[in-house]
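Here are a few exercises to work through with the model open beside you. Try each task before you read its solution.

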Amino acid sequence: MDNNPSLIESNTPENGTGFSRRDMLKGLTSAMVATTLLGFPFLSQAEKETATTSPVIFGQFYRVSQAVTEHTNLSEGASARIFNAFFRSQPDFPVQVNKLHALVKNDQSASQLQEVAKQQGLGDLLTSIVTAWYTGTVGHGIDSILISYKDALMYRPVSDGLIVPTYCGNGPLWFTEAPPAAAMPESMNADRFGPVNTKTDVSKA
C-alpha cells in the first residue's frame, strides 16, 4: 500500500540479512506505528493497516497536521482515521502529502504554511486536512465520513466552560454511561420489604 517507495531509498544494496536498508527502515517504522496505535481500540482493522503499511506517509501526514493546526498534542488514533479516509478516497494522496511535508519548516505559522502550499498548488488539500481536524469529518455532503464529533478541534477553545453541543444532557454519548445513584423515597424504605410476620394468633386456635 506504500504508493511512494522513493521516500526511503529503494535502490539500497542488500546488507547480508536478505533485506535492503529500505525494507528494514520501513519495517521498524511500521512496528513503531503499530505499537502506537495499540492504545486506540476504536480503530478498525483497515484504519490500522493503512497507517502501518504506509508508515512514512502516515508520519508525514501527522507532522503536516500538527503544523497546519498548530496543535502538537493531536491524537494519533484520530490521525489514523483521518489518514485512512483520505488515503482511500484520493489515489494521489501519498504523493501530495510528501510534497506538503517538504514545505513544513520549524518556527513556521499555520498561515505561512498555507500560503506556501497555495503557491505550490497544494492549498486545497491542506485546507481539507485542517477542515477534517476541526470539524471531525472528511469530505462533503452524502460522501462525507464522520471521524469524530466530540473530539473535533473546533470545540477545544471552549472545552473548559461548555460541553460539546448535543441532545444529550452532559455531552455526547452521555446516555451510555451508568445513571447516577438516586436516593430511595421513604415509601421504598428497606424495612417495608422485611420478612413477613407469620406468628399464629393463638386466641383463634
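**Exercise 1: Phe61 and its surroundings**

Phe61 counts as buried, at 0% relative accessibility. Keep in mind that this is a predicted model.

Task: find the helix that holds Phe61, then list what Phe61 touches beyond its neighbours within four places in sequence.

Solution. Start with the address: Phe61 sits in helix H3. Next, go through the contacts, leaving aside anything within four places in sequence: Ser79, Ile82, Phe83, Phe86, Phe93, Val97, Ile129 and Trp133. Now pick one of these partners, Ile82. Phe61 and Ile82 are 21 residues apart in sequence, and their C-alpha atoms lie 9.6 Å apart in space.

**Exercise 2: Ser79, from the other side**

Task: decide whether Ser79 is buried or exposed, and say which residues it touches.

Solution. First, place Ser79: it belongs to helix H4, residues 76-89. Second, check the area: the cut-off for buried is under 20%, and Ser79 has a relative accessible area of 0%, so it is buried. Third, look at the contacts: not counting residues up to four places away in sequence, Ser79 touches Phe58, Phe61, Tyr62 and Trp133.

**Exercise 3: the aromatic rings**

Task: work out which residues form the aromatic cluster, then classify the pair Phe86 and Phe93.

Solution. A pair of aromatic rings is described by the distance of the centres and the angle of the planes. Rings pair when their centres lie within 6.5 Å, and planes under 30 degrees apart count as stacked. By this rule there are six aromatic pairs. Take Phe86 with Phe93: the ring centres are 5.3 Å apart and the planes are at 10°, so this pair is stacked. Both Phe86 and Phe93 are buried. Finally, the cluster: Phe58, Phe61, Phe83, Phe86, Phe87 and Phe93 belong to one aromatic cluster.

**Exercise 4: H3 against H7**

Task: describe how H3 and H7 cross, and sort the contact residues by type.

Solution. Begin with the axes: helix H3 (residues 55-69) and helix H7 (residues 123-135) come within 10 Å and cross at roughly 80°. Angles of 65 to 115 degrees count as roughly perpendicular, so that is the label for H3 and H7. Now the residues: H3 brings Phe61, Val64, Ser65, Val68 and Thr69, and these meet Leu126, Ile129, Val130, Trp133 and Tyr134 of H7. Sorting the contact of H3 with H7 gives eight nonpolar residues, two polar and no charged.

**Exercise 5: H2 against H4, and a salt bridge**

Task: do the same for H2 and H4, then track down the salt bridge.

Solution. Helix H2 (residues 45-53) packs on H4 at an angle of about 80°, with the axes 9 Å apart. The two helices are therefore roughly perpendicular. On the H2 side you'll find Ala46, Glu47, Thr50 and Ala51; on the H4 side, Ala80, Arg81, Phe83, Asn84, Phe87 and Arg88. The contact of H2 with H4 divides into five nonpolar, two polar and three charged residues.

How many salt bridges are there? The count comes to one. The side chains of Glu47 and Arg81 meet in it, at 3.2 Å from N to O. This pair links distant parts of the chain, since Glu47 lies in helix H2 and Arg81 in helix H4, 34 residues apart. As for exposure, Glu47 counts as buried at 9% relative accessibility, whereas Arg81 is partly exposed, with a relative accessible area of 22%.

How values were computed: Residues are numbered from 1 along each chain as its sequence is written. This is a predicted model: local features need pLDDT of at least 70, side-chain atom pairs count only at pLDDT 80 or more; totals for chains, interfaces and linings use all residues. Side-chain values use heavy atoms; hydrogens and water are left out. Rings of Phe, Tyr and Trp (its six-membered ring) pair if their centres lie within 6.5 Å; planes under 30 degrees apart count as stacked, over 60 as edge-to-face and the rest as tilted. Buried means under 20% relative accessible area, exposed over 50%, partly exposed in between (1.4 Å probe, protein chains only). Axes are lines fitted to C-alpha atoms, for helices over the stretch in contact, and angles run from 0 to 180 degrees between N-to-C directions. Helices (H or I, at least four residues) and strands (E, at least two) are DSSP runs, numbered from the N terminus. Angles under 35 degrees count as roughly parallel, over 145 as roughly antiparallel, 65 to 115 as roughly perpendicular and the rest as oblique. Contact means heavy atoms within 4.5 Å. Ala, Val, Leu, Ile, Met, Phe, Trp, Tyr, Cys and Pro count as nonpolar, Asp, Glu, Lys and Arg as charged, and the others, Gly among them, as polar. A salt bridge is a side-chain nitrogen of Lys or Arg within 4 Å of a carboxyl oxygen of Asp or Glu.
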